[in-house]
Amino acid sequence: MKKIKNIGLLFLILSTLSFSYQINFDDVVDIVLKNYPQSRVTKIEISNYKGKTVYNGEAFDKGQKIEFIIDVNSGEVLKIAPDYDNEYNSNFNLSITFEQVSRIALDNSFSGKVKSIELKNIDKKPYYTVEVKEDKSEKEIRIDANSGKILSIKENM
């Protein structure tokens, strides 16, 4: 009887550690690009929407802001809505993808999960800001959008 309990506990621990969504960050980018082929996704975060876990984010298409909500498991587009905003410079040619940035951030976290990724730029230097939720704290990791180099790690308790 003890072995069965131990196996059940081991399965629970392993399933918790290996939990992942059916749709990853790069899949989200692909879904948005199917709807807006010339757009650039600048922000993706995991949140709840009408009782579902979703990717919530924004993209820019020719200076127009596009907000989207996509189910993390099915890839169903729950919302894609244009909203005018011209603050984004879309002329960057970036070699690092959202999924690569996610992996880089998690490599610098003991047991974290990515909460959000946002593409930003200062002085025409693009970088990603990744928020990682850990057991008792959060990290904000800035990663160069061209090289994948970590620019800074800030821990918040």
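Let me start with Val41, which, leaving out residues up to four places away in sequence, touches Val29, Val32, Glu58, Ala59, Phe68, Phe98 and Leu119. Please keep in mind throughout that we are looking at a predicted model.

Val41 also belongs to a wider picture, since the largest nonpolar core has 28 residues, and Val41 is listed with Ile44, Phe68, Phe98, Ile117, Tyr128 and Val130 as those having the most contacts inside that core. As for where the core residues come from, the elements that give two or more include helix 2 (25-35), strand 1 (40-49), strand 2 (52-61), strand 3 (64-71) and helix 3 (98-107), and strand 5 (113-122), strand 6 (125-133) and strand 7 (138-144) are on that list as well. Helix 2 is the element that gives the most, with five residues.

I would now like to turn to two loop residues. Lys50 sits in the loop between strand 1 and strand 2, and, although Lys50 is not a glycine, its phi is positive, at about 50°. Is Lys50 buried or exposed? Its relative accessibility is 73%, and because the cut-off for exposed is over 50%, Lys50 counts as exposed.

The second residue is Glu76, in the loop between strand 3 and strand 4 (77-84), and at 41% relative accessibility Glu76 counts as partly exposed. If we set aside its neighbours within four places in sequence, Glu76 is in contact with Lys52, Ile69, Ile70 and Asp71. Finally, Glu76 and Ile31 are separated by 45 residues in sequence, while their C-alpha atoms are 9.1 Å apart in space.

Conventions. Residues are numbered from 1 along each chain as its sequence is written. This is a predicted model: local features need pLDDT of at least 70, side-chain atom pairs count only at pLDDT 80 or more; totals for chains, interfaces and linings use all residues. Side-chain values use heavy atoms; hydrogens and water are left out. A nonpolar core is a set of buried Ala, Val, Leu, Ile, Met, Phe, Trp, Tyr and Cys residues joined through side-chain atoms within 4.5 Å. Buried means under 20% relative accessible area, exposed over 50%, partly exposed in between (1.4 Å probe, protein chains only). Helices (H or I, at least four residues) and strands (E, at least two) are DSSP runs, numbered from the N terminus. Contact means heavy atoms within 4.5 Å.
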